[in-house]
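Me: Could you pick one residue in this model, take a close look at where it sits, and then work outwards from there? I'd like it as one connected walk through the fold rather than a list.

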Amino acid sequence: MNFFAENLQVFKKVFLPLFALVVLSTNIDQYLNLHIENALRDPQGAQQQVYLWGFLSIISSILFPVLLMSIALYAFNAQIGWTKSLEEFLKKNLNQIYIETLRSWGKTLLWSLLLILPGLWKYLEYSLVPFVVTTSPRYEKGQEDALQRSAQIVRHHWGKVLGVMIFFHLFVPLVLTALFDSYRLIWKTPLQSLSLSALDTYLLLVSTHILFNIFRSEVRKNDAHV
């Protein structure tokens, strides 16, 4: 099955739950950002409000990206043999994905305190951690570390992974933010907001699909040598 046929199957399987979650997360982020901006502009001072809305924004930035990635990975794992429901997939993997993701962010932050470039490299190395957690039988058996395995695969394909991260996680979001950020609020521009969320959902599926194929190609190569 070629890339576009696989992507269509995945699209049909999880687009609706992903789309609903993207709409929710996008508008929660916009809502929190508006409150932070209003608090910062308050002439009376609103330090406690800034801390409150900032804390909620951090929680949102941790909660939603991992959940979105997990739902997308459910569909791609279903393509290679996972036959149970999304609920069972999340029950099995979601908690562990959060744990390993927080581990990777902690190590990335430590490297970033030294120099920016080492921190960015660690961020890149750990970009496949959710793929290891959800797809690797060796990880499930406790025979490999998710961060080390992700870093090992990225080092073999760093150019491809870097290209995906720059295009889908940096260039495209910057362009969309610059051109359409004022249309993100669903209670002000519902049609435009929903259209942008649909585009975000599709881009998430495409970028995850490319990274999943990179990950699987490395796994198959290693299995062939075993």
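Reply: Let's begin with R149, which sits in helix α7, residues 146-156. Keep in mind that this is a predicted model. R149 is an arginine tucked away: its relative accessible area is 11%, so it falls under the 20% cut-off and counts as buried. Looking back along the chain, V133 is 16 residues away from R149, and their C-alpha atoms are 10.0 Å apart.

There's another buried arginine to set beside it. R216 belongs to helix α9, which covers residues 190-225. Its relative accessibility is 18%, so R216 also makes it under 20% and is classed as buried. What does R216 touch, once its neighbours within four places in sequence are left aside? The contacts are with I80 and T135.

For a contrast, try E140, in the short run of residues 137-140 that makes up helix α6. With a relative accessible area of 54%, E140 is over the 50% mark and therefore exposed. E140 and N93 are 47 residues apart along the chain, with 9.7 Å between their C-alpha atoms.

N93 has a number inside the range of helix α3, residues 86-114, so let's look at how that helix meets helix α4, residues 116-125. Two packed helices are described by the angle between their axes and the distance between the axes. Here the axes come within 6 Å and cross at roughly 160°. That angle is over 145 degrees, which means α3 and α4 run roughly antiparallel to each other. The crossing of α3 past α4 is right-handed. On the α3 side, the contact is made by T108, W111 and S112; α4 supplies I116, P118, G119, K122 and Y123.

On to the helix that follows α7 in the numbering. Helix α8 takes in residues 158-180, 23 of them, and spans 31 Å from its first C-alpha to its last, close to the 33 Å expected. There is also a kink of about 30° in α8, centred on F167. Which residues of α8 are buried? They are V161, V164, M165, F168, V172 and L176.

Compare that with helix α2, residues 47-79. Its 33 residues should span 48 Å at 1.5 Å a residue, and because the end C-alpha atoms are 49 Å apart, the two figures agree. Just after α2, G81 takes a positive phi of about 135°. Within α2 you'll find Q49, which is partly exposed at 42% relative accessibility. H35 is 14 residues from Q49 along the chain, and the two C-alpha atoms are separated by 8.4 Å.

Last stop: A20, in helix α1, residues 3-41. This alanine is partly exposed as well, with a relative accessible area of 47%. A20 and S197 are 177 residues apart in sequence, yet their C-alpha atoms are 8.6 Å apart in space. S197 has a number within residues 190-225, the range of α9, which brings us back to the helix of R216.

Terms used: Residues numbered from 1 in each chain as written. Predicted model: local features only at pLDDT ≥ 70, side-chain atom pairs only at ≥ 80, totals over all residues. Heavy atoms only, no water. Helix = DSSP H or I, 4+ residues; strand = E, 2+ residues; numbered from the N terminus. Expected span 1.5 Å × (residues − 1). Bend = angle between axes of the 7 residues up to and from the residue. Buried < 20%, exposed > 50% of the residue type's maximum accessible area, 1.4 Å probe, protein only. Axes fitted to C-alpha atoms, helices over the stretch in contact; angles between N-to-C directions. Parallel < 35°, antiparallel > 145°, perpendicular 65-115°, else oblique. Left-handed = near helix turned anticlockwise from the far one by under 90°. Contact = heavy atoms within 4.5 Å.
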